[in-house]
Amino acid sequence: MKKIFVSIFVLAAAMPVVAQETYENAKIATEDLNGTARYVGMGGAMDALGADISTIGSNPAGIGLFRKSSVSTSFGFNSQEDAKDFAGSNKTRMSFDQIGFVLSMRTGESSYTNFAFNYHKSRNFGFILSAADNLPVFTDYDGNKFTASQNKLTYEKAKNGLLYDGMDSKGWPNIDKPFASCNQLDDMYTRNLNFDTDDNAWYYDEASAYTLNRNHKGYIGEYDFNLSGNVNDRFYWGLTVGVHGVHYKHYGEYKESLDGFNILVNDDREISGTGFDIKGGIIIRPIEESPFRFGLSVATPTFYNLTTENSTSILISGNSPTVVSNSESLDYKLWTPWKFGLSLGHTVGQMLALGAGFEYADYGSLDTRYGTGRYYDYWTDTYRENSRSDSEMNRHTEQTLKGVYTLKLGAELKPIPEMAVRLGYNYVSPMYNEDGFKDGTIQSEGSYYSSATDFTNWKGTNRITCGLGYQFGDLNLAFAYQYSTQKGEFMPFMSYVEGDHFDVQNPENNICDPVEVKNNRHQVLFTVGYTF
């Protein structure tokens, strides 16, 4: 952590289209392991094996291995382990996960051209986050005790001139001219908690503990359209155009215990919008006498146009309770990273199928963008929005997020022709750098529109899967179970350090300890398919 000075700001009010913050964007950019029960049961390791509708989004060439037309749909349940029900949300929820079809057309003795459509839930936001801790107590050189707090963070930013452009005629903070680093909490704290209008002085109240509960819900639905082919049963190709619909909401309550009273922050946020991407892939069977094959795939960034809306309020309890609130809405753009994949597949007779896959995406290259004006596109006869990268927020993203690889391993055994037993393993490496933090002082309008100071640096994700399948003539039934486990380090606010190093005896420092949180989930998935 470091003390950050900001010398140049652009007023947020002058920017109707701005960029969002790194940790919020990371939620939108990632994906879950989801699709058909066969795909999930094998850990997603079907990109080179193909002939499953869910490969439409990972390696589109997998659709080229279909030799018959088919239709399928999937649904199930998701449950968060050890979660506490909060804000009317249940930790176990039903989910509609997939529906799609493939039309297969023979174009030669052993060649096919296929068209496919598939909808699947690429991201399930359902998650209840709970964290609580005593704030650490420090002693300065004079023996005085002090703690860290969210309202002290506002005090530190104010002391270093990061909130407002000077004072007004009364000597009070010029709240009509906030800098970009003055977020909604800073503004409400200033008006009601951190500035003494009698003495014209900044101050903060010592805190002792905090609790946070936040209910996340919603999903990203992906609609994929695919054209693929099979050339002499040796070379398979595919191209997919995807449309993504974002539906995200969260409601959180952050409570901080201060000397003689409490602060309760209620944060209600919604992110919605659409995006599109293009995915391409090939699968090659290099040896005619062998079923072994390998696949290569690439996906463009998903180009999102998003809207975020929030309503935030603060209840200050005590002898004279005070409630203040604020709400904001903005449009912004987000471009996710390129994604690259390598996969292997092999079958042994009609009894055993083995798959492996590796994907890589550099999330440090997430591009948050803001609008710079509209222009007329003569080709489409529509008005379009120009945009530009938010260089300050992107610099923070590059320092906070990193390249992520996904390892997929799967096996399918058929003890009898009609029955399949499946096992899989899926690992996603950590996205966050260990020293990453939500920096509320950077020179970006994304900071201004932030309504929460907490963040979690999640570690790697381990997924263990299994499944069963049974075929009744042209009817296919499948079941899958997925257990996903992930740990993270939660912080209620960034640590603000006065000077060049951590000195726990410096009362101007605002240092908080991380709290371990978990996201362990169970998924049960059913798929019904029909081949014709």
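## A tour of the salt bridges and charged sites

In this predicted model, the count of salt bridges comes to 19, and several of them make useful stops.

Select Glu 31 and Lys 339 to begin with, where a salt bridge brings the closest N and O atoms to 3.4 Å of each other. Glu 31 sits in the loop between α1 (22-29) and α2 (37-41), while Lys 339 belongs to strand β15 (residues 339-348), so the pair ties together parts that are 308 residues apart in sequence. With a relative accessibility of 39%, Glu 31 counts as partly exposed.

Go next to Arg 38 and Glu 412, another salt bridge, in which the closest N and O atoms are 3.1 Å apart. Because Arg 38 lies in helix α2 and Glu 412 in strand β19 (residues 403-416), this pair ties together parts that are 374 residues apart in sequence. Glu 412 is buried, its relative accessible area being 5%, which is under the 20% limit for that class.

Now select Asp 277 and Lys 279, whose salt bridge has its closest N and O atoms 2.9 Å apart. Both Asp 277 and Lys 279 are buried. Add Glu 222 and Asp 224 to the selection, and you will have the four residues that salt bridges with shared partners join into one network.

For a lysine in a helix, move to Lys 152, which is found in α3 (residues 150-159). Lys 152 is buried, with a relative accessible area of 0%. Show Tyr 496 as well: although Lys 152 and Tyr 496 are 344 residues apart along the chain, their C-alpha atoms are separated by 9.3 Å.

Turn then to the surface and select Asp 268, Glu 270, Glu 309, Asp 331 and Glu 385, which together form a negative patch. Within this group, centre the view on Glu 309, placed in strand β13 (residues 303-316). Glu 309 is partly exposed, at a relative accessible area of 39%, and it therefore passes the cut-off of over 30% that is applied to patch residues.

Finally, zoom out and colour the whole chain by secondary structure, which comprises six helices and 24 strands. The radius of gyration is 26 Å, close to the 24 Å that the globule rule gives for 532 residues, so the chain is as compact as a globular protein of that length. Oriented along its principal axes, the C-alpha trace spans about 90 × 55 × 40 Å. If you colour by accessibility instead, buried residues account for 54% of the 532 residues in the chain.

Terms used
Residues are numbered from 1 along each chain as its sequence is written. This is a predicted model: local features need pLDDT of at least 70, side-chain atom pairs count only at pLDDT 80 or more; totals for chains, interfaces and linings use all residues. Side-chain values use heavy atoms; hydrogens and water are left out. Patches are made of residues with over 30% relative accessible area and no salt bridge: like charges are joined within 9 Å, nonpolar side chains (Val, Leu, Ile, Met, Phe, Trp, Tyr) within 5 Å. Accessible areas come from the Shrake-Rupley method with a 1.4 Å probe; for residues, only the protein chains shown count as cover. A salt bridge is a side-chain nitrogen of Lys or Arg within 4 Å of a carboxyl oxygen of Asp or Glu. Lys and Arg count as positive and Asp and Glu as negative; His and the chain ends are not counted. The place of a charge is taken as NZ of Lys, CZ of Arg, CG of Asp or CD of Glu. Helices (H or I, at least four residues) and strands (E, at least two) are DSSP runs, numbered from the N terminus. Buried means under 20% relative accessible area, exposed over 50%, partly exposed in between (1.4 Å probe, protein chains only). The radius of gyration is taken over C-alpha atoms; the globule rule is 2.2 Å times the number of residues to the power 0.38.
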